Amino acid sequence: MNVEFTPDPQLYPFESRWFDSSRGRIHYIDEGAGPPILFWHGNPTWSFLYRDVIVALRDRFRCIAPDYLGFGLSERPAGFGYTIDEHARVMGEFVDHLGLDGYLTMGQDWGGPISMAVAVERAERVRGVVLGNTWFWPTDELTTKIFSRVMSSRPLQWAILQRNFFVERLIPAGTEFLPKEAVMDHYRQVQPNAAARVGVAEMPKQLLAARPLLERLAREVPATLGAKPALVIWGMRDVAFKPRPSIPRMRAAFPDHVVVELPTAKHFIQEDAPDRIAQAIIDRFG
């Protein structure tokens, strides 16, 4: 299925582009000129999340932001399992299709594991790494395991599919200030019904189910990407990805790193502090 939604050009002033992957049609934006930077979203968001960061950077960088299959304006293809492995393989096709070389990669939430899974197989083409409020190792914290099991339960799966729980509850809880109604509508309307939310419902299950991939990334990211210059940007009030256990692991994986703390930002740092993120990228890689 395809989602019929036209973003407001005042909020999302970009041209929609399309890539026909082996598994389904991918929507993406490709704005500006200069060194390429790829922006990878998480759950339950889409390329819209990065809109203000891209507007701030597109006069210096070529800014590329895809929507995963099952998210945003991309297709919801029959037979696609929406596992992180599958997302990473499709996104690898996308990067190869664009022929990117010397690219920066920024991942937040599930964009961290997906971007790193793509990058470790193309390390020679990666210029630098930006990660914020994310991870790329097996989830061993009890709170995260409980979250995965609760969100995978029948009542919460029903709430995600039928009531759009991730958008209606987790986006407001993960932002410093409640997003404006027009912004919330752009997250709602790309997931208008249960059939459009299957990918969103699968991702909390993947916190535990993707452990083999995360175990591999925990080894391969430092081994293949650890020498790259890195920028770690963190919303310090994120209750899902708390800074104390997370930032030291990022520092250890990337010795050549800069850490930028966002004191009042929560999980969705692109909503809370887009200008700070853009400036940090310019300072590090501009």
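Buried means under 20% relative accessible area. By that cut-off Arg122, at 10% relative accessibility, counts as buried. The model is a predicted one. Its 8 strands form an open sheet with mixed pairing, and a search of the whole structure finds 17 salt bridges. The points below cover the sheet, the helices that contact it, a buried aspartate and several of the salt bridges.

**Sheet**

- The strand order in the open sheet is β1-β2-β4-β3-β5-β6-β7-β8.
- At the edges are β1 (17-20) and β8 (257-262), each of which pairs on one side only.
- On average, neighbouring strands of this sheet are turned by 20° against each other, direction ignored.
- Strands β6 (residues 126-134) and β7 (residues 230-235) run parallel and are joined by 3 bridges.
- Val130 has Leu231 in β7 as its bridge partner.

**Helices on the sheet**

- Helix α2 (residues 84-98) packs on the sheet, where it touches β1, β2 (25-31), β3 (36-40), β4 (62-66) and β5 (103-109).
- The direction of α2 makes about 150° with that of β4.
- Helix α3 (residues 111-120) lies across β3, β5 and β6.
- The angle at which α3 runs to β5 is about 150°.

**Asp67**

- Asp67 is found in the loop between β4 and α2.
- This residue is buried yet has no salt bridge. A salt bridge needs a side-chain nitrogen of Lys or Arg within 4 Å of a carboxyl oxygen of Asp or Glu, whereas the nearest side chain of opposite charge to Asp67, that of Arg76, is 7.0 Å away.
- The side chain of Asp67 does make a polar contact with the side chain of His27, at 2.8 Å.
- The Asp67 side chain also reaches the backbone nitrogen of Leu73, at 3.0 Å.
- Leaving aside neighbours within four places in sequence, the residues in contact with Asp67 are Ile26, His27, His41, Trp46, Ser47, Gly72, Leu73, Ser74 and Met91.

**Salt bridge between distant parts of the chain**

- Arg58 and Glu31 form a salt bridge in which the closest N and O atoms are 2.9 Å apart.
- This pair links distant parts of the chain: Arg58 is in the loop between α1 (51-57) and β4, Glu31 is in strand β2, and the two are 27 residues apart.
- Arg58 is partly exposed, with a relative accessible area of 26%, while Glu31 counts as buried at 12% relative accessibility.

**Salt bridge within a helix**

- The side chains of Arg216 and Glu220 meet in a salt bridge, at 2.9 Å from N to O.
- Both residues lie in helix α9 (residues 211-225), 4 residues apart, which is about one turn of the helix.
- Arg216 is partly exposed, with a relative accessible area of 23%, and Glu220 is also partly exposed, with a value of 27%.

**Salt-bridge network**

- Side chains of opposite charge can pair when their charged atoms come close.
- A network of salt bridges links Asp96, Glu121, Arg122 and Arg125.
- Within it, the side chains of Arg122 and Glu121 meet at 3.8 Å, N to O.
- Arg122 counts as buried because its 10% relative accessibility falls under the 20% cut-off.
- Glu121, at 54% relative accessibility, counts as exposed, so this salt bridge joins a buried arginine to an exposed glutamate.

Terms used
Residues numbered from 1 in each chain as written. Predicted model: local features only at pLDDT ≥ 70, side-chain atom pairs only at ≥ 80, totals over all residues. Heavy atoms only, no water. Pairing = 2+ DSSP bridges. Axes fitted to C-alpha atoms, helices over the stretch in contact; angles between N-to-C directions. Contact = heavy atoms within 4.5 Å. Buried < 20%, exposed > 50% of the residue type's maximum accessible area, 1.4 Å probe, protein only. Lys, Arg positive; Asp, Glu negative; His and termini not counted. Polar contact = N/O pair within 3.5 Å; in protein donor to acceptor, adjacent residues only side chain to side chain.
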